[in-house]
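Colleague: Could you walk me through how the parts of this protein fit together? I would like to hear the reasoning behind each term.

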Amino acid sequence: MRLAVVGATGAVGTVMLERLRARSFPADEIVAFASARSAGRELDGGLVVQELAEEAVRGFDLAIFSAGAHTSREWAPRFAQAGAAVVDNSSAWRMHDDVPLVVSEVNPDDLGWHDGIVANPNCSTMQMVVALKPLHDAAGIERLVVSTYQSVSGTGMKAIEELRRQARAVLDGEPLGEPQVYAHPIAFNVLPHAGSFADGDDHTDEERKLMAETRKILGDDAIRVSATCVRVPVVFGHSEAVNVQTRRPLEAAEARDLLAAAPGVTVLDDPGSGVYPIATAAAGHDDVFVGRIRRDPSHDSALDLWVVSDNIRKGAATNAVQLAELLVQRDLLHGRAGTKAA
Ligand code: A2P
């Protein structure tokens, strides 16, 4: 079993390598790839970074990518054509009809129809659908109204550095300098602008992903989604206020029981005692944490939830490694264009 990790020096790639080791992934050899800038660099654990090149992509059983959509568009098909199953964390392939978009606890059976590439969902969608799946199965989701509070690590290493640099400058009374990563200073600020605005679109691509990917993963095109994605000065962990309108009314207690029994979910819900999910506590864990579960007093069949998860763990690296594990366990490394799951 030869495994390639592409983007191995990045915020997500680093955690992918760490998760592969921690979960004892059954690889005989792991090869770390990044850009030419990092070629030859030795990573923690002793792997030496290689540059992507035509001859270097041959002979892999699996490749896990987190190197941005541009790199994935160019290189994921080359790995797949050379015989590897690709798990891609970028947005490049997620909405392609012949690429399954999979969350390990939600729609693992969709792995069965991959044809070389499997897509790992966007981080804010990932954690939300883990929490929504048991509610959707029980009561049918009709509409979602979501506001996200997203950490900077979702943007990558440069954004973490920018937040730290700006926060130090503010505390030291120094000038902030021009923002390099975001449109405005992120330190001590809240930006209603997570992702980017395409020409003529009044939603960011992050908000569009949340809408489209949720429908694809839950397999229900009728679900209506309204989203506002916000960047906050948090390093790790996305938080989300989610209003869930269901076809059949659900009591908060029933939703709490369903969520407590759901795989990958931890319910933290005793708000009077200060028990609810928070980003700093979720950081470094794989679970999706759900709390503040309550009836929406403005609607007969709607609930409000607060959903928090480490965007680099379950939101990216952990799910990618879980998908790789499932591909091995289910003997699905070699894509078979089977029948799509319903
Ligand atoms: P590098 O560190 O050499 O730039 P992040 O999301 O934290 O910004 O990380 C992005 C990852 O994608 C890094 O590992 C980065 O490598 C890698 N990467 C960026 N561009 C390319 C490319 N053209 N080919 C391979 N890897 C790339």
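Modeller: Happy to. This is a predicted model, and domain 1 and domain 2 bury about 1500 Å² between them, with 67% of that on carbon and sulfur atoms. On the side of domain 1, Ala 11, Glu 105 and Val 106 lose the most area to domain 2, together 35% of what that side buries.

Colleague: What are the bounds of domain 1 and domain 2?

Modeller: Domain 1 covers 2-121 + 317-329, and domain 2 covers 124-311. Their centres, taken over C-alpha atoms, are 25 Å apart. To the contact, domain 1 brings 20 residues and domain 2 brings 16 residues.

Colleague: What makes Arg 19 and Asp 286 a salt bridge?

Modeller: The cut-off is 4 Å from a side-chain nitrogen of Lys or Arg to a carboxyl oxygen of Asp or Glu. The side chains of Arg 19 and Asp 286 meet at 3.2 Å, N to O, so the pair satisfies that rule. The count between the two domains is two salt bridges.

Colleague: How many residue pairs are in polar contact across the interface of domain 1 and domain 2?

Modeller: The rule finds six such pairs. On the side of domain 1 that touches domain 2, helix 1 (11-22) and helix 8 (313-329) are the elements that give two or more residues. Helix 1 gives the most, with three residues. By class, that side of domain 1 has seven nonpolar, nine polar and four charged residues.

Colleague: And the whole chain: why is its radius of gyration said to agree with a compact globule?

Modeller: A compact globule of 342 residues would have a radius of gyration near 20 Å, and the chain has 20 Å, so the two agree. Along the principal axes, the C-alpha atoms fill a box of roughly 60 × 60 × 40 Å.

Colleague: How many helices and strands does the chain have?

Modeller: The chain has eight helices and twelve strands.

Conventions:
Residues numbered from 1 in each chain as written. Predicted model: local features only at pLDDT ≥ 70, side-chain atom pairs only at ≥ 80, totals over all residues. Heavy atoms only, no water. Domains from an automatic or database assignment. Contact = heavy atoms within 4.5 Å. Buried area = accessible area lost by both parts, 1.4 Å probe. Polar contact = N/O pair within 3.5 Å; in protein donor to acceptor, adjacent residues only side chain to side chain. Helix = DSSP H or I, 4+ residues; strand = E, 2+ residues; numbered from the N terminus. Nonpolar A, V, L, I, M, F, W, Y, C, P; charged D, E, K, R; others polar. Rg over C-alpha atoms; globule rule 2.2 N^0.38 Å.
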